[in-house]
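Okay, everyone, thanks for coming. I'd like to walk you through a structure that's new to most of us, so let me put it up on the screen.

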Amino acid sequence: MLRVAVPNKGSLSEAAQAIFLEAGYRQRRDRKELVMVDNDNQVEFFYLRPRDIAVYVADGSLDIGLTGRDLFVDAQVSDTAEEIMALGFAESTFRFAAPHGHFTNVQELAGKRIATSYDGLLADYLDTLEITPGRIVHLDGAVESSVSLGVADAIADVVETGSTLKAAGMEVIGDPIMHSEAILITRAGQHPTGLDVLIRRLKSVLVARRYVMIDYDIRREHLNQALTVTPGLESPTISSLADDNWVAVRSMVLKKDMNKIMDELYQLKARAILASAIHAIRL
């Protein structure tokens, strides 16, 4: 049975359980449940602290883990565990920040106190820049308050909208340290039974989320122009109608382009234009 680690709380937990449900796997209904067995799919889910997932997978206690790339790198287990799939949600950026006007570049942080919840990630990054901080101050949360409270001179933290930093009178410094998102990890060199099916299912969910199905009727004389707008992944489906002058077309298009495409089809005199969600797909 495939043993999979899932975050037990926070926004990453909710998104992780959602994608597994969409992929056809059972998930816990009670947040107090620590283990949930899906016998139909031969998968056992373990709900753990997001920060601990990489450690359990690297140790071989669990086969697969869903975690954030920032948490995986911070765990410093890349010698025994590896990223196998990016999942495209829970995106964030890890950056330096400090009070407005205090620093103009990252090099000026040499010898300074830097507060963070990601000691390993930060230490590795500073080593690549050959910057030696005065001290890396570990905090479990509310890192942005550390400067005003006199604990640190700057911080390194996850930045999403930047509104929290702005409210604290801080600004980002330099380039992003890392772009993070939800990822799947496994023990390096291992390929447990059931992994291929799980990856295929998750990929199908990601594709289904990005695409919609477009159906429309169009006169044959405008068909070639319409097919340039909706070429499909391989080739669209074209069906004859009772009126030989018209055909029905079905094609997958990117959801983000859906309304633009529908407008273009309408300009080509297509009618009965319908966009519908895709709940599952195999490519």
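Let's begin with Arg69, Glu83 and Glu181, which are linked in a network of salt bridges. By salt bridge I mean a side-chain nitrogen of Lys or Arg within 4 Å of a carboxyl oxygen of Asp or Glu. Keep in mind that this is a predicted model, where local features need pLDDT of at least 70, side-chain atom pairs count only at pLDDT 80 or more, and totals for chains, interfaces and linings use all residues. Residues are numbered from 1 along each chain as its sequence is written, and side-chain values use heavy atoms, with hydrogens and water left out.

How many salt bridges does that rule give? The count comes to 11. Let me show you a few of them.

Take Arg31 and Glu14, whose closest N and O atoms are 3.9 Å apart. That pair links distant parts of the chain, 17 residues apart: Glu14 sits in helix H1 (10-22), and Arg31 in the loop between helix H1 and strand S2 (35-38). Helices (H or I, at least four residues) and strands (E, at least two) are DSSP runs, by the way, numbered from the N terminus. Are these two buried or exposed? I call a residue buried under 20% relative accessible area, exposed over 50%, and partly exposed in between, using a 1.4 Å probe and protein chains only. Arg31 is exposed at 68%, and Glu14 is exposed as well, at 53%.

Then there's Asp52 with Arg49, at 3.1 Å between the closest N and O atoms. Asp52 is partly exposed at 25%, and Arg49 is partly exposed at 42%.

Another one joins Arg113 and Asp153, at 3.1 Å from N to O. Here the partners are 40 residues apart, with Arg113 in strand S7 and Asp153 in the loop between S8 and S9. Both are partly exposed: Arg113 has 29% relative accessible area, and Asp153 has 22%.

That takes us to the sheet. It's an open sheet of five strands in the order S8-S7-S9-S6-S10, with mixed pairing; two strands pair if DSSP finds at least two bridges between them. Why do S8 and S10 each have one side without a neighbour in the sheet? Strand S8 (135-138) and strand S10 (170-180) stand at the edges, so each has a single partner strand. From one strand to the next, the twist averages 25°.

Further in, strand S6 (residues 92-99) pairs with strand S9 (residues 154-159) in the antiparallel sense, over five bridges. If you want a spot to look at, Phe96 has Ala156 in S9 as its bridge partner.

Now, what packs on this sheet? Helix H4 (residues 119-129) does, touching S6, S7, S8, S9 and S10, where contact means heavy atoms within 4.5 Å. The direction of H4 makes about 160° with that of S8. Axes are lines fitted to C-alpha atoms, for helices over the stretch in contact, and angles run from 0 to 180 degrees between N-to-C directions.

Which residues of H4 are buried? They are Gly120, Leu121, Leu122, Tyr125 and Leu126. These buried residues pack against helix H3 (69-74) as well as S6, S7, S8, S9 and S10. And just after H4, Glu130 takes a positive phi of about 55°.
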